[in-house]
Amino acid sequence: MTSASVIIEPATSGVLDEVLAIEQACFSAPWTRKMLAAELSGNQFAHFLVAKCPDPLSGSLAVAGYFCFWVVFEEVRLMNLAVLAPFRRQGVATKLVCTALQTGMERGATRAMLEVRVSNHEAQTLYHRLGFRQTARRARYYDNPEEDAVLMEMAPLQVSVLCRQPGA
Ligand SMILES: CC(C)(COP(=O)(O)OP(=O)(O)OC[C@H]1O[C@@H](n2cnc3c(N)ncnc32)[C@H](O)[C@@H]1OP(=O)(O)O)[C@@H](O)C(=O)NCCC(=O)NCCS
């Protein structure tokens, strides 16, 4: 699979089952169906994207990842991002985040921020290469397991050159 074959599109209620399955496979404290549904249709600030990729076995398009982010006035807040293990390291998350940054720019946002578990070096690397910098740490921010959060921010908001590469 190349990142050019990844299709990013807005999530609909029809993909809620797939998104819930991704959430449960990827997080120790997953969002519930109710929480996901509330982001999908009950939050005026929320944007919800899915990444569809060709399934290597069937060739049909599968929901491989999803991303929920908020655009709150001048700020893009990255909320939940996950990609199923078989589809990782192929640029899917990068493409999702790039789409969010582009949406934020179009809506006049000037900065982006997120929290990530201190132990989640993979995600921190992903965000760092897209232009986010660590700004602070929040003690015991997460449960299950309890862990500090690293706060990362991009200000001013920019769409990384990585997002302009072919297929990104
Ligand atoms: C973090 C996550 C979303 C990355 O998804 P992905 O589609 O594999 O990410 P990408 O392919 O776009 O990776 C972009 C870059 O991030 C870094 N990266 C991603 N996964 C990595 C890993 N396991 N180890 C080291 N670096 C990694 C690399 O620099 C990578 O570029 P490269 O593959 O050219 O080296 C995915 O691993 C995941 O869903 N993890 C579980 C849920 C999670 O942690 N979500 C984030 C919460 S803040």
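I count two residues as in contact if their C-beta atoms, placed from the backbone, lie within 7 Å. I am working from a predicted model.

**Entry 1: helices H1 and H2**

I began with the pair H1 and H2. Leu16, Val19, Leu20 and Glu23 in H1 meet Arg33, Leu36, Ala37 and Leu40 in H2. I sorted the residues of this contact by type: 6 are nonpolar, none is polar and 2 are charged.

Next I looked up the geometry. Two packed helices are described by the angle between their axes and the distance between the axes. H1 covers residues 16–26 and H2 covers residues 33–41. Their axes come within 10 Å and cross at roughly 125 degrees. H1 is therefore oblique to H2. I noted the hand of the crossing as well: H1 and H2 cross in the right-handed sense.

**Entry 2: the sheet**

I then traced the strands. They form an open sheet of 7 strands, with mixed pairing. I wrote down the order as E1-E2-E3-E4-E5-E7-E6. Which strands are at the edges? They are E1 (7–10) and E6 (133–142), and each pairs on one side only. I also checked the twist: neighbouring strands of this sheet are turned by 25 degrees against each other on average, direction ignored.

I asked myself where H1 sits relative to the strands. H1 lies across E2, E3 and E4, and runs at about 85 degrees to E3.

**Entry 3: strand pairs**

I went through three pairs in turn.

- E2 (residues 46–54) and E3 (residues 61–72) run antiparallel, and 9 bridges join them. Here I found His47 opposite Phe69 in E3.
- E3 and E4 also pair in the antiparallel sense, over 8 bridges. Val72 has Glu75 in E4 as its bridge partner.
- E4 and E5 (residues 111–117) run parallel, joined by 4 bridges. Val76 stands opposite Ala112 in E5.

I kept one general point beside this list. In a regular strand the side chains alternate between the two faces of the sheet.

**Entry 4: the turn at Phe73**

I went back to E3 and E4. These strands form a hairpin with 2 residues between them. Phe73 is found in the loop between E3 and E4. What is the phi of Phe73? I read a value near 50 degrees, which is positive in a residue other than glycine.

**Entry 5: cis peptide bonds**

I looked up two prolines. The peptide bond from Asn144 to Pro145 is cis, with omega near 0 degrees. I placed Pro145 in the loop between E6 and E7 (147–154). The bond from Ala155 to Pro156 is cis too, with omega near 5 degrees. I placed Pro156 in the segment after E7.

**Entry 6: around the ligand**

I finished with the ligand. How many residues are around it? I have 18, of which Arg88, Ala93, Thr94, Glu122 and Leu126 come nearest.

Next I asked which elements supply the shell around the ligand. E4 (75–83), H3 (92–106) and H4 (121–129) each supply at least two residues. The largest share comes from H4, with 5 residues. By type, I split the shell into 9 nonpolar, 5 polar and 4 charged residues.

E4 therefore stays marked in my notes under two headings, because it pairs with E5 and supplies residues of the shell around the ligand.

Note on methods: Residues are numbered from 1 along each chain as its sequence is written. This is a predicted model: local features need pLDDT of at least 70, side-chain atom pairs count only at pLDDT 80 or more; totals for chains, interfaces and linings use all residues. A residue is near a molecule or strand if its C-beta atom, placed from the backbone, lies within 6 Å of it. Ala, Val, Leu, Ile, Met, Phe, Trp, Tyr, Cys and Pro count as nonpolar, Asp, Glu, Lys and Arg as charged, and the others, Gly among them, as polar. Axes are lines fitted to C-alpha atoms, for helices over the stretch in contact, and angles run from 0 to 180 degrees between N-to-C directions. Angles under 35 degrees count as roughly parallel, over 145 as roughly antiparallel, 65 to 115 as roughly perpendicular and the rest as oblique. A crossing is left-handed if the near helix is turned anticlockwise from the far one by less than a right angle, and right-handed if clockwise. Two strands pair if DSSP finds at least two bridges between them.
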